[in-house]
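Here is a friendly walk through one model, with an eye on helix packing and aromatic rings. Take a look at the sequence and the coordinates before reading on.

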Amino acid sequence: MDGNQKTYTLKEAAQELNVSYRAVRYYKDFYKEEVSGEGRSIRVTQRFIDLVAKNRKANTVKVTDSKTKAQYKAELEELKAKYSKALREQKEIYDTKYSQFKDLDYDEETERIEVFTNEDYERFEQALQEWKQQKVKLEEQEKTFKVQIASKEELLQHYQEQANYQKKQADRILDQMDKLIDAIKRRDTIEAVEKKVIGKKADL
């Protein structure tokens, strides 16, 4: 400790810092290098005063929120009500969409209903058109080959080759369509689970 510094008793330091005597005794153990003497002769330096003042300023939290516990409780209840309302609205939307389809006359064993976004429907429609074009092309080729191929054996062999080729093409397109529909179904189911419209045990 610099002997030329101004020093204070603990009581004087408490008055200088506007804190309790106990608080000064607490800080003297942290800044021992700024403390001298023993017992009633203990004195602290001006630097001790500055360090304690800086420390207390850094740790002082200004409380500006004057809300009461009742006000916080009211706000919480309001948020709960908004959340419940949002869930009800989402369920109503789902029920409305479901009701549009549940009364339709269709065979669940052989038919299915899917909901598409515009983008997904365009992709589905494109795949469907491609399949139809392949089918038309096959029919046209069959007509041409009936005229051009005279031999029954040649006709049979050619038909078999073309049928196998076209079947592979048609199967590929239909497989793409099925994958697209399954992907859309899984996405809708996941969204419904996230919105708690249906349970997590739903078949994804």
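In this predicted model, helix H1 spans residues 10–17, and its buried residues are Leu 10, Ala 13, Ala 14 and Leu 17. Viewed down the axis of H1, these buried residues fall within an arc of 100 degrees, so they line one face of the helix. The general background is helpful here: an α-helix has 3.6 residues a turn, so residues three or four places apart point the same way. On the other side of H1, Lys 11 and Gln 15 are exposed. The cover over the buried residues of H1 includes strand E1 (7–9), H2, strand E3 (43–45) and H3. After H1 comes Asn 18, which has a positive phi near 60 degrees.

Now to the rings. The count of aromatic pairs comes to 3. Two of them can be set out by their geometry:

| Pair | Centre to centre | Angle between planes | Class |
|---|---|---|---|
| Tyr 26 and Phe 30 | 5.0 Å | 55 degrees | tilted |
| Tyr 31 and Phe 48 | 6.1 Å | 85 degrees | edge-to-face |

Are the rings of the second pair buried or exposed? Both Tyr 31 and Phe 48 are buried. Tyr 31 sits in the loop between helix H2 (21–28) and strand E2 (35–36), while Phe 48 belongs to helix H3 (residues 46–58), so this pair ties together parts that are 17 residues apart in sequence.

In the tilted pair, Tyr 26 is partly exposed at 48% relative accessibility, and Phe 30 is exposed, with a relative accessible area of 52%. Ring pairs also join Tyr 26 and Phe 30 with Tyr 27 in a cluster.

Definitions and conventions: Residues are numbered from 1 along each chain as its sequence is written. This is a predicted model: local features need pLDDT of at least 70, side-chain atom pairs count only at pLDDT 80 or more; totals for chains, interfaces and linings use all residues. Side-chain values use heavy atoms; hydrogens and water are left out. Rings of Phe, Tyr and Trp (its six-membered ring) pair if their centres lie within 6.5 Å; planes under 30 degrees apart count as stacked, over 60 as edge-to-face and the rest as tilted. Buried means under 20% relative accessible area, exposed over 50%, partly exposed in between (1.4 Å probe, protein chains only). Helices (H or I, at least four residues) and strands (E, at least two) are DSSP runs, numbered from the N terminus. The arc is that of the directions from the helix axis to the C-beta atoms. Contact means heavy atoms within 4.5 Å.
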